[in-house]
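Subject: The structure for you to look at

Hello,

Here is the structure I promised to pass on. Please open it next to this email and follow along as you read.

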Amino acid sequence: MTQRVQIEYCTQCRWLPRAAWLAQELLTTFETELTELCLKPGTGGVFVVRVNDEVVWDRRVQGFPEPTAVKQLVRDRVAPEKSLGHSDK
């Protein structure tokens, strides 16, 4: 089964480094569970994380995410049985 994460970020706001850092965190944590992770350039202040086309984080609603929060949301969708160690609360 394809497990795809997309991080859409605003190029006008220069949020590529933030998106790339989050992508690295997710790829490190879910190196065997994810089949694809893409960075999608956008505009207008967008910073949205999607898992299999489902929005799990939107900066406009929730503010900028902490990696732990996004990891938990991704885990719940792609590998619910996976322990995140100290990141799990």
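Before the strands come up, one definition will help: two strands count as a pair if DSSP finds at least two bridges between them. By that rule β3 and β4 are a pair, since they run antiparallel over four bridges. Please keep in mind that this is a predicted model.

**The sheet**

β3 and β4 belong to an open sheet of four strands, arranged in the order β2-β1-β3-β4 with mixed pairing. Which strands stand at the edges? They are β2 (36-42) and β4 (54-58); each has a single partner strand, so one side of each is left without a neighbour in the sheet. On average, and ignoring direction, neighbouring strands here are turned by 20 degrees against each other.

You can trace two of the pairings residue by residue. Strand β1, residues 4-10, pairs with β2 in the parallel sense over seven bridges. Within that pairing, valine 5 has leucine 37 of β2 as its bridge partner, and glutamine 6 stands opposite cysteine 38, also in β2. In the antiparallel pairing of β3 and β4, valine 51 stands opposite glutamate 54 in β4. The hairpin of β3 and β4 has two residues between the strands, and asparagine 52 takes a positive phi near 50 degrees there.

Is β1 enclosed or open to the outside? Six of its seven residues are buried, so β1 is largely enclosed by the rest of the structure.

**A buried phenylalanine**

Now find phenylalanine 47, which is in strand β3. Its relative accessibility is 1%; residues under 20% count as buried, so phenylalanine 47 is buried. What does it touch? Leaving out residues up to four places away in sequence, its contacts include Ile7, Glu8 and Tyr9, as well as Trp15, Leu22, Trp57 and Phe64. Leucine 37 is ten residues away from phenylalanine 47 along the chain, and the C-alpha atoms of the two are separated by 15 Å.

**The helices**

Helix α3 (residues 67-78) packs on the sheet, where it touches β1, β3 (47-51) and β4. The direction of α3 makes about 170 degrees with that of β4.

α3 also packs against α1, at an angle of about 50 degrees and with the axes 10 Å apart. The two helices are therefore oblique to each other, and α1 passes α3 in a right-handed crossing. To see where they meet, look at Trp21, Leu22, Glu25, Leu26 and Thr29 in α1, which meet Pro67, Val70, Lys71 and Val74 in α3. Leu22 is worth a second look, as it is also one of the residues that phenylalanine 47 touches.

**The salt bridges**

Side chains of opposite charge can pair when their charged atoms come close. How many salt bridges does the structure hold? There are six, and I will walk you through some of them.

Begin with glutamate 36 and arginine 4, whose side chains meet at 3.0 Å, N to O. Glutamate 36 lies in strand β2 and arginine 4 in strand β1, so this pair ties together parts that are 32 residues apart in sequence. Both residues are partly exposed: glutamate 36 has a relative accessible area of 34%, and arginine 4 has 24%.

Next, the side chains of lysine 82 and glutamate 33 meet in a salt bridge at 3.4 Å, N to O. Lysine 82 is in the segment after α3 and glutamate 33 is in the loop between α1 (16-29) and β2, which puts them 49 residues apart. Lysine 82 is partly exposed at 23% relative accessible area, whereas glutamate 33 counts as buried at 18%.

Finally, arginine 77 forms a salt bridge with glutamate 54, with their closest N and O atoms 3.1 Å apart. Arginine 77 lies in helix α3 and glutamate 54 in strand β4, so the pair ties together parts 23 residues apart in sequence. Arginine 77 is partly exposed, with a relative accessible area of 32%, and glutamate 54 is partly exposed as well, at 38%. You have already met glutamate 54 as the residue opposite valine 51.

Enjoy exploring, and write back if you get stuck.

Best wishes

Conventions:
Residues numbered from 1 in each chain as written. Predicted model: local features only at pLDDT ≥ 70, side-chain atom pairs only at ≥ 80, totals over all residues. Heavy atoms only, no water. Axes fitted to C-alpha atoms, helices over the stretch in contact; angles between N-to-C directions. Contact = heavy atoms within 4.5 Å. Salt bridge = Lys/Arg side-chain N within 4 Å of Asp/Glu carboxyl O. Buried < 20%, exposed > 50% of the residue type's maximum accessible area, 1.4 Å probe, protein only. Parallel < 35°, antiparallel > 145°, perpendicular 65-115°, else oblique. Left-handed = near helix turned anticlockwise from the far one by under 90°.
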